[in-house]
Amino acid sequence: MAGFTARSGLGLARPPVVATVLTPLERVRVDVAAHGAFDVLHRSSVEELSEDVRAREVDAVIVSVARYDTGSAARMAAMVREFPTVPA
């Protein structure tokens with residue numbers, strides 16, 4: 001992340017947004033690390049995460065290997081392959 005970006009039409013800087021799929025302990029650690037430096041969107045699944053990435057401006061994604069399963073592989077592969085656009 002290269003610093004703050006401007007909000008459309010407002011000219012105000014906003015903190016970067018990081019979407020995550022993490023274990024409860026990892027969520028706590030990321031929240032502590034964020035401490036105002038970035039906003040965090042915690043999600044329960046890769047499917048929810050991909051919906052967020054499509055629906056809003058997300059600057060980074062963190063997916064825990066502990067939460068990643070083979071059922072999520074196709075969705076995650078599509079997100080990575082199609083970056084920076086996000087497939088439906």
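**Helix packing and cores in a predicted model**

Ser64 is located in the loop that joins β5 to α3, where helices (H or I, at least four residues) and strands (E, at least two) are DSSP runs numbered from the N terminus. The structure is a predicted model, in which local features need pLDDT of at least 70 and side-chain atom pairs count only at pLDDT 80 or more, while totals for chains, interfaces and linings use all residues. Residues are numbered from 1 along each chain as its sequence is written, and side-chain values use heavy atoms, with hydrogens and water left out.

With a relative accessible area of 5%, Ser64 is buried; here buried means under 20% relative accessible area, exposed means over 50%, and partly exposed lies in between (1.4 Å probe, protein chains only). Leaving aside neighbours within four places in sequence, Ser64 contacts Val21, Leu22, Thr23 and Glu26, a contact being heavy atoms within 4.5 Å. The C-alpha atoms of Ser64 and Arg27 are separated by 9.9 Å, although these positions lie 37 residues apart in chain numbering. Ala66 belongs to the loop between β5 and α3 as well, but this residue is exposed, at a relative accessible area of 56%. From the C-alpha atom of Ala66 to that of Val21, 45 residues apart along the chain, the separation is 9.3 Å.

Stepping back to the whole chain, there are three helices and five strands, and their order from the N terminus is β-β-β-α-β-α-β-α. Of the 88 residues, 31% count as buried. Among contacts with a separation of 6 or more, 48% come from residues 24 or more positions apart.

Helix α2 (residues 46-55) has Val46, Leu49, Ser50, Asp52 and Val53 as its buried residues. These cover an arc of only 160 degrees around the axis, which puts them on the same side of α2; the arc is that of the directions from the helix axis to the C-beta atoms. The partners of this buried set are β3 (17-21), β4 (39-43), β5 (60-63) and α3 (73-82). Leu49 is a good residue to follow on the model: not counting residues up to four places away in sequence, Leu49 touches Ala19, Thr20, Val21, Arg43, Val61, Val63, Met76 and Met79.

In α3, the buried residues are Met76, Ala78 and Met79. Seen down the axis, they fall within an arc of 160 degrees, so they line one face of α3. On the other side of this helix, Ala74, Val80 and Arg81 are exposed. The buried residues of α3 pack against α2 and β5.

How do the two helices meet? Between α2 and α3 the packing angle is about 25 degrees, and their axes are 9 Å apart; axes are lines fitted to C-alpha atoms, for helices over the stretch in contact, and angles run from 0 to 180 degrees between N-to-C directions. The pair is therefore roughly parallel, the class for angles under 35 degrees (over 145 is roughly antiparallel, 65 to 115 roughly perpendicular and the rest oblique). From α2, Val46, Glu47, Leu49, Ser50, Val53 and Arg54 meet Arg75, Met76 and Met79 of α3.

The largest nonpolar core has 10 residues: Val17, Ala19, Val21, Leu41, Val46, Leu49, Val53, Val58, Met76 and Met79. Such a core is a set of buried Ala, Val, Leu, Ile, Met, Phe, Trp, Tyr and Cys residues joined through side-chain atoms within 4.5 Å. Two or more of its residues come from each of β3, α2 and α3. Another core lies apart from it and has five residues, among them Val18, Leu22, Val30 and Phe38. In soluble globular proteins, nonpolar side chains tend to be buried together.

Finally, His35 is worth a look in the loop between α1 (24-34) and β4. This residue has a positive phi of about 25 degrees although it is not a glycine. Most residues other than glycine have a negative phi. His35 counts as exposed, at 72% relative accessibility.
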